[in-house]
Amino acid sequence: MDEKRVFLCGVVEGFYGRPWSMDQRKVLFNWMQCWGLNTYLYGPKDDLKHRLLWREVYSPEEEGQLRTLIVEAESRGLRFVYALSPGQDIVFSSSCDLTLLKRKLTQVSDLGCQAFAILFDDIDHSMCQADSEAFASFAHAQVTVTNEIYRFLGEPPVFLFCPTEYCSSLCSPSVSKSSYLQTIGEDLLPDITVIWTGSKVISRRLSVESVAEVESVLQRPPLIWDNLHANDYDSRRLFLGPFKDREPQLRHHLRGLLLNPNCEFEANYIPLHTLGSWHRAGNEEGKDKECEYCPDRALSAALCDWMEELNQPLHAGRKSSRSEKRPSIPSSRCKTPDMSDYPSTFRGSSNVAKLPVFPLNSSSPPSSPSKGEQERQEEQQIWENRRSDEPNQPPVSKYGVKSQGRGFCSGKGLLSESQVRLLVGLHYLPHEHGASAQKLLQDLTWLKANCHVVGVNSKKVPSQKTDEWRGRASKFLSLCEDIAQLHCSVVGGANRAVLYDLYPYVWDLRNMALLAKAFICWLDGRVLSDSSTLGSWRNCFHWCGKTSGADVLGVESEPWVFKGGVSGEVQMLLPIGSSSELFTHPPPLFPTSRLYNIRPYHSKDKMELYRMVRQLHLRTQGGQESSAAHPEVIGDRCLGPCLALCPEYSFILEDELGVCGCVLGILDVRSFAKRCQASWIPAMRDKYPPKINKAYANTQDLIQLMEEDQGEYPDSLLYHFPSQLRLDALPELVDISVSRILLTSLLTALKANGSQGVFCEVQPTDRQRLEFLTKLGFLEILRGEARSREGVVLGRLL
């Protein structure tokens, strides 16, 4: 009876996706013991023998692993609950299925497990004909099988049942009037605990009133399966915020609370640490007001502890030469301390040896660099040797924010407290942004809505408004650079286990920050005036602030309605936010801490760009110089017209060594061609006059090609694709996503100034460029009339 009264508080591994490893679960048990949690429920949806192949018994090897896990949990004072999900295809009236269910649970019971759960979540309500004839309703079928299994196992003190209607939004027509829940409450044996998630699958808040209502219908206190930090519904979201908005008085109406957290194991340090604080505060309830749970205090304490964890040299899979033992937290401790309560050594800056990098999709990371890693290191060496004799210091922007500096971010320093707080703020909770995310979205929204004060026709705007815009832009750009440095620090940090789990998210944020920064820099002095107040790109649908889009719309929605988290909301604030395919690309196989910057073109970049395209030209020609007397002729042909006539649609990609890529755009190809014929071509004829001795015959061939470049395109092409682009990048650019962001920066600028489509002409013989654009997702090859002379034209509607 004492065990039945214990409040079950802990973790449920119940997400969709790759289950945690055995080593990770052992670390989890260590965390739970330290933080005062007492229950672990095993129920990963993608474990085949938990759900899809529930009838199959475990192999001897699997038995050994499960037995080890059960023993490990019990040795740390934890209750191990084994869950089975037979609901997808079980025939409730089949004696064969019932026998197989008993056989499976008997096998687990023989391994030492003493607590069980039967889950009927996320399944169809319909029954087969045999079950319809045998049972009065779907609920009666589930209750009958569950009661029999409970008795068969000897009525264990902890036995959980997850109904198909497991939250208020799934109840028909409501919680109090649901015939399904009423049947569960009346017919399910009283000592079986029912699982509940709250008002929604992912409940923003859990109130005493809502739980008391379901408690009355079920005729027993439910156990909360809390999906507050679950992220299996959105591959771009992660939740590192504290456990919050669960009233302390809930304990009086609950059998327990189990948190179903992030799929990525290392992302769950703060959620579980703060859950432990919530649980301990409940144990001390009524004794001292200082014992009351405060999410902000709990977050500070968790951050302080996580700082030490983040800077440990842990490998992927949680293998470490250092002991996993940590001081346990006394059960009498109820006050959640501030950061000042902890030693400042957690925030030190001692150097950490850089560890080998290995592919993120490797199931068993190598102990030594693989062949792929050796190739990556060779590419790194080539990159470091690039243009070592041509120093080029990146410029300082007009906002006073210095562009990415030289020197690689080697990752030899520890993650700082401010960086970890930035990380948490950008990946806070499903219904709430952290402070850094709020600031990012609010500033971007304001800068976008007020960009007319720095537009092309902004001469009559008061200077104080212009200064205000540029001041806020400067702060926004600084935050974007902090995000880039955060990505660098995570990649170069000592803890490779954290890198494996967090890298796709910090990488996605890095790309978002690169694009947003380039867009804000471009707005200053380049965006055209827009007289329309409705329907313009500056007023497109968006949301930001302490809460997400559901609140703005006045709709109580599940958080998966709004995809992408902070990155998704930034995307929606851009002119091409609806072009989702531009923002969906996998992270590179090998993480890189290299810093990049994307910015609008400045006149001082011209010579560096000319050197880059000449270098690319020489590579395609096998190193043969065809125009040594006029080294600028390659740049004049490839880049010159755009840089001279429409530089506002040119973007630069630079790394720590200088310029490594560029993309040039033409807003209106028809008018641009006329301007070229009127001014650019005559200027080139004057610059490269014909020579009698034909010393510059190859140069004259290129001049002729310049004239041909301005040939006419069919109206059928320009009607849908009025704009044109050219993209160049050095082949050493390993991270293809950076080139994709560079391309997207130009598409954003063209769309902002009214373009509806863009194309890029590529010669069939230029296989390297064709393959490069295909990798970037520029996939639509225009046929028929869209072919321009002998070139292949690729296009994309904006």
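This report covers the internal cavities of a predicted model.

**Overview**

How many cavities of 30 Å³ or more are there? The count comes to 7. The two described here are the largest cavity, at about 120 Å³, and the second largest, at about 90 Å³.

| Cavity | Volume | Nonpolar lining residues | Polar lining residues | Charged lining residues |
|---|---|---|---|---|
| Largest | about 120 Å³ | 8 residues | 5 residues | 4 residues |
| Second largest | about 90 Å³ | 6 residues | 4 residues | 2 residues |

**The largest cavity**

The largest cavity holds about 120 Å³ of space. It is lined by 17 residues. Closest to its centre are Leu238, Leu426, His427, Gly565 and Val566. Which elements give two or more residues to this lining? They are helix 15 (496-523) and helix 17 (565-573). By class, the lining has 8 nonpolar, 5 polar and 4 charged residues.

**The second largest cavity**

Arg236 and Asp508 are among the residues that line the second largest cavity. The lining also includes Asn511, Met512, Leu515, Ser567, Val570 and Gln571. Leu574, Phe583, His585 and Ile741 line this cavity as well. Helix 15 and helix 17 each give two or more residues to the lining. Which of the elements gives the most? Helix 15 does, with 4 residues. The lining divides into 6 nonpolar, 4 polar and 2 charged residues.

**Shared elements**

Helix 15 and helix 17 give two or more residues to the lining of the largest cavity, and they do so for the second largest cavity too.

Terms used: Residues are numbered from 1 along each chain as its sequence is written. This is a predicted model: local features need pLDDT of at least 70, side-chain atom pairs count only at pLDDT 80 or more; totals for chains, interfaces and linings use all residues. Side-chain values use heavy atoms; hydrogens and water are left out. On a 1 Å grid over the protein atoms alone, a cavity is a set of points where a 1.4 Å probe fits but cannot get out, and a pocket is an open set with protein on both sides within 12 Å along at least five of seven lines; lining residues have an atom within 4 Å of a point. Grid points are joined across faces, edges and corners, and a volume is the space filled by probe spheres set on the points. Ala, Val, Leu, Ile, Met, Phe, Trp, Tyr, Cys and Pro count as nonpolar, Asp, Glu, Lys and Arg as charged, and the others, Gly among them, as polar.
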